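Work through the exercises below with the sequence and the model beside you. Try each task before you read its solution.

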Amino acid sequence: MTAITLYIFSLKMQAPNVNSHQKAAVAKEEGLDTAEGEEWMQGKTLVKPPDQLDLTEAELNEEITRVLKASNPNAPQNVVRYSFKEGCYKPIVFVDQMAIHFELEGNLVHKESDEGRRLMAKQAEVDDGGGVERPDNVAIKAAKREQKLTNQFNFNERASQTLNNTPRDISCQTEPPPRANFSATANQWEIYDFYVEELQRREKSKEKHEGQFLNKEEDKSKKKMIQAETQNDDISQLAKAVKIIERMVNQNIFDDVAQDFMYFEDASDEFRGEKGTLLPLWTFQYDKAKSLSVTALCWNHKYNDLFAVGLGSHEFTQQGGGMLLFYTLKNPSYPEFIFNTASGVMCLDIHEHLSYLVAVGLYDGCVAVYNLKKKTDQPIYNSRASSGKHTSAVMQVKWQKDDLDSNHNFISVSADGRLVSWTLVKHELVFTEIIKLPVIDTIPDDLKDVIPTVGTSLDFHKQKDYSFLVGTEHGKIHKGSKYYSSKFLEKYDAHFMNVTRVKWNPFHPDVFISCGWDWMVKIWDQTMKSPVFTFELKTSVTDVAWAPYSSTVFAAVTTDGKVHVFDLNINKYEALCQQKVVSKKTKLFNIEFNPVHPIIIVGDDRGHVTSLKLSPNLRKKPKEKKGQDLPKGPEVEIAKMEQLLSSMRYSDWAFTKHGSSSEAICLLTLICFF
């Protein structure tokens with residue numbers, strides 16, 4: 001450890017008592033005997049040790065420099081302390097170098113300080129009191145002055161007395177509450193009769209509600225028939241025609257963007273080597289949603305030009321209403337559907353087969369289902385406190401396959417640590433708790449039921465729909481199964497901070513990706529405890545997504561407004577594209593690939609959604625040779641990813657077996673060559 005401050009002292013060694021030598025010589029010349037005689041007449045003699053060196057005048061005048069350092073040589077260098085943050089013992093790098101030789105606590109006042117001068121002046125005034133004093137007073141004062149104080153140093157005593165507040169009594173008188181005595185006897189038959197009456201009452205209310213619903217449907221059909229017969233020229237009949245005209249006008253206004261979307265290919269990619277670019281296309285924004293942030297994005301699986309946008313806020317102090325908007329690439333100026341929510345939207349998912357059903361998770365813990373076919377802005381299903389509503393924000397929702405009774409259902413994960421399955425039965429949501437996230441070990445046992453583990457992300461396996469991954473706020477990723485609800489099957493120590501997204505690879509069954517606030521993007525093999533690939537993006541990563549056309553291409557967005565696109569088949573160490581797509585001080589929160597077209601959409605904290613087109617280098621495919629048809633399909637993508645995984649597995653095996661020896665280096669060189 002280097003010294004903080006260097007003190008340089010110059011020590012000059014002089015000849016000791018040179019004058020005494022000269023005096024002794026003079027005395028000898030004058031005949032004085034200094035060795036004999038009386039003791040008081042003897043002069044001072046110079047006593048020299050026998051081993052003293054005889055130095056010349058130049059050697060005596062030589063300056064010798066000594067360097068004193070501030071480091072303590074007795075300070076320990078191997079102090080180890082327990083880190084509660086990381087849960088392990090870690091060595092302390094910086095050790096305190098201060099060495100205290102003497103320390104004394106006292107109440108002395110320095111004479112030259114301001115307070116000391118005031119005390120001395122006050123004492124002088126008391127001692128030099130005016131007027132002629134009586135002799136007896138002088139004697140008394142002299143006696144008092146002769147008394148020794150217990151403390152010989154300067155001291156000062158101060159005392160004060162405060163007045164106590166007078167106590168006050170305040171009393172009031174109220175009327176006693178009314179009382180009544182009630183007594184009754186209850187037996188098993190009376191309790192049974194009460195439950196039967198309650199069940200009959202509920203069945204009657206359900207039948208009445210269903211009858212009203214059927215009556216409304218019949219009234220609507222009758223009105224449609226009446227309108228068709230009378231051929232009333234209502235403006236609602238022109239809605240479809242007006243929408244088509246609006247799209248045509250917008251396509252004429254944004255004709256250059258539409259042409260770039262369909263036909264433009266960046267020819268400069270040939271001179272960039274492996275690198276690629278992103279071409280900005282449309283920007284989707286709604287004036288009433290400027291104060292909200294984009295919290296969720298999802299493409300429609302049936303209509304490839306339609307996507308949903310969830311608007312809300314991640315900040316606790318900025319909570320209010322939210323919005324659910326649907327945009328289409330054919331009309332970027334105004335949303336196709338607008339739904340207002342009482343709380344901010346945190347997540348959403350569109351049904352894969354029934355594209356008009358949308359599941360939404362809100363910040364207040366509610367989950368809702370919207371039907372785009374209904375001409376209402378209210379959800380057709382909504383969770384309530386009596387139906388198992390979450391107690392904290394819902395972070396992710398995912399549609400599942402229909403159950404054995406052909407009922408639609410979806411699963412949600414919330415900040416309260418619960419994983420809940422919701423089933424759409426008639427006119428209500430029926431919940432079933434699947435599993436609860438385990439509490440971390442650092443929390444005391446008496447608080448484990450109070451402090452939950454916050455779930456931040458959820459994704460289901462593309463082939464095995466019962467297997468899922470859950471990311472947590474503490475950086476852990478848990479793998480579980482819907483059919484095994486007692487505990488999770490596996491746990492991965494993925495990140496040091498919040499896991500913002502976890503997703504399975506759409507092609508390879510064992511690969512998934514994760515990102516977090518610790519600047520890291522990691523690719524995992526579920527059969528291994530450590531990540532296969534790790535990328536540091538130098539700022540917090542808020543979302544990541546796999547490309548639908550390749551098993552090795554993925555993209556991530558960060559809080560500095562950049563989009564990072566990777567292709568592991570081309571470059572395993574750095575991104576092929578790092579491009580800032582928004583203005584300064586704007587954060588990106590979400591990213592999604594279009595399932596068909598080579599474009600991506602990103603959402604920011606100002607409520608804007610930007611669409612970007614990938615250049616040819618970012619969606620490069622193998623070149624076809626003449627007379628040879630390249631194999632296509634998911635098997636090719638699985639083999640491509642498996643080849644990368646096998647190379648990394650062999651590299652881990654080589655370093656595990658041979659360490660950093662020359663054999664491991666040669667083995668890795670052969671693997672990279674082949």
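**Exercise 1.** How many bridges join strand S18 (residues 455–460) to S19, and do these strands run parallel or antiparallel?

*Solution.* The model is a predicted one, in which local features need pLDDT of at least 70 and side-chain atom pairs count only at pLDDT 80 or more, while totals for chains, interfaces and linings use all residues. Residues are numbered from 1 along each chain as its sequence is written, and side-chain values use heavy atoms, with hydrogens and water left out.

Begin with the terms: strands are DSSP runs of E with at least two residues, numbered from the N terminus, and two strands pair if DSSP finds at least two bridges between them. S18 and S19 are joined by five bridges and run antiparallel. Within this pairing, Phe460 stands opposite Phe468 in S19. Finally, the connection between S18 and S19 is a hairpin through six residues.

**Exercise 2.** Find which strand S19 is joined to by five bridges besides the one treated above, and describe the hairpin.

*Solution.* The partner is strand S20 (residues 476–481), which is joined to S19 by five bridges and runs antiparallel to it. Here Val470 stands opposite His478 in S20. Three residues lie between the strands of this hairpin, in which Gly475 takes a positive phi near 90°.

**Exercise 3.** Are the residues of S19 (467–472) mostly buried or exposed?

*Solution.* Buried means under 20% relative accessible area, exposed means over 50%, and partly exposed lies in between, using a 1.4 Å probe and protein chains only. By this rule six of the six residues of S19 are buried. Next, recall that in a regular strand the side chains alternate between the two faces of the sheet. Accordingly, look at each side of S19: Ser467, Leu469 and Gly471 are buried on one side, and Phe468, Val470 and Thr472 are buried on the other.

**Exercise 4.** In what order do the four strands of the open sheet that includes S22 follow one another, and which are the edge strands?

*Solution.* The order is S22-S23-S24-S25, with antiparallel pairing. The edge strands, each pairing on one side only, are S22 (499–504) and S25 (533–536). To look at one pair more carefully, note that S22 and strand S23 (residues 511–516) are antiparallel over five bridges, and that the bridge partner of Trp504 in S23 is Phe512.
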